Amino acid sequence: MANRDQNGIPDLDVQVRAEDGFEILTVRGEVDMASAPQLQAALEKAQQGGNTLVVDMTQVGFLGSAGLSALLVVSKAAPGQLRVVASREVARPIELTGLDKLLAVYSTLEAAVAATDGAPSAL
């Protein structure tokens with residue numbers, strides 16, 4: 001569970017680790033207009049290593065349009081190098097906006113790492 005600030009709003013927590021040629025980012029909390037820049041900065045920093053990014057968002061309870069934009073920006077900067085592991089709360093806005101046709105979305109971290117490419121896939 002994410003920590004909360006003084007107003008009771010969940011903080012965003014992003015942890016990054018290198019594993020088997022991937023940069024795995026574990027994201028916890030809510031990705032909204034206030035926290036999306038933090039997510040985008042973490043994605044861009046991890047992307048500098050040149051490895052495929054796997055963004056584990058299974059512990060994200062909300063993904064707003066600013067978070068969708070952050071994922072899209074990073075995906076466009078390095079096509080095929082971003083894989084998103086989505087909770088239902090993350091998968092729904094990705095599907096509703098049609099971004100599941102542009103992003104490689106997986107239901108488990110294991111599936112994202114095992115995939116042979118980063119092609120967009122159905123959940």
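Reader: What share of the contacts in the protein with a separation of 6 or more comes from residues 24 or more positions apart?

Author: This is a predicted model. In it, residues 24 or more positions apart account for 56% of the contacts with a separation of 6 or more.

Reader: How many helices and strands does the protein have, and what pattern do they follow along the sequence?

Author: There are 4 helices and 5 strands. Along the sequence they come in the pattern β-β-α-β-α-β-α-β-α.

Reader: What should helix α1 span, given its 12 residues?

Author: A helix is counted at 1.5 Å a residue, so α1, covering residues 36-47, should span 16 Å. The C-alpha atoms at its ends are 16 Å apart, which agrees.

Reader: Which residues of α1 are buried?

Author: Buried means under 20% relative accessible area. In α1 the buried residues are Ala36, Leu39, Ala42, Leu43, Ala46 and Gln47. Viewed down the helix axis, these buried residues fall within an arc of 130°, so they line one face of α1.

Reader: Are Pro37 and Lys45, on the other side of α1, buried or exposed?

Author: Pro37 and Lys45 are exposed.

Reader: What do the buried residues of α1 pack against?

Author: They pack against four strands, β1 (13-19), β2 (22-31), β3 (52-63) and β4 (82-86), and against the helix α2 (65-77).

Reader: And for the whole protein, what percentage of the residues count as buried?

Author: Of the 123 residues, 44% count as buried. The accessible surface of the protein comes to about 6,400 Å², and 51% of that surface belongs to carbon and sulfur atoms.

Terms used:
Residues are numbered from 1 along each chain as its sequence is written. This is a predicted model: local features need pLDDT of at least 70, side-chain atom pairs count only at pLDDT 80 or more; totals for chains, interfaces and linings use all residues. Side-chain values use heavy atoms; hydrogens and water are left out. Helices (H or I, at least four residues) and strands (E, at least two) are DSSP runs, numbered from the N terminus. The expected span of a helix is 1.5 Å times one less than its number of residues. Buried means under 20% relative accessible area, exposed over 50%, partly exposed in between (1.4 Å probe, protein chains only). The arc is that of the directions from the helix axis to the C-beta atoms. Contact means heavy atoms within 4.5 Å. Accessible areas come from the Shrake-Rupley method with a 1.4 Å probe; for residues, only the protein chains shown count as cover.
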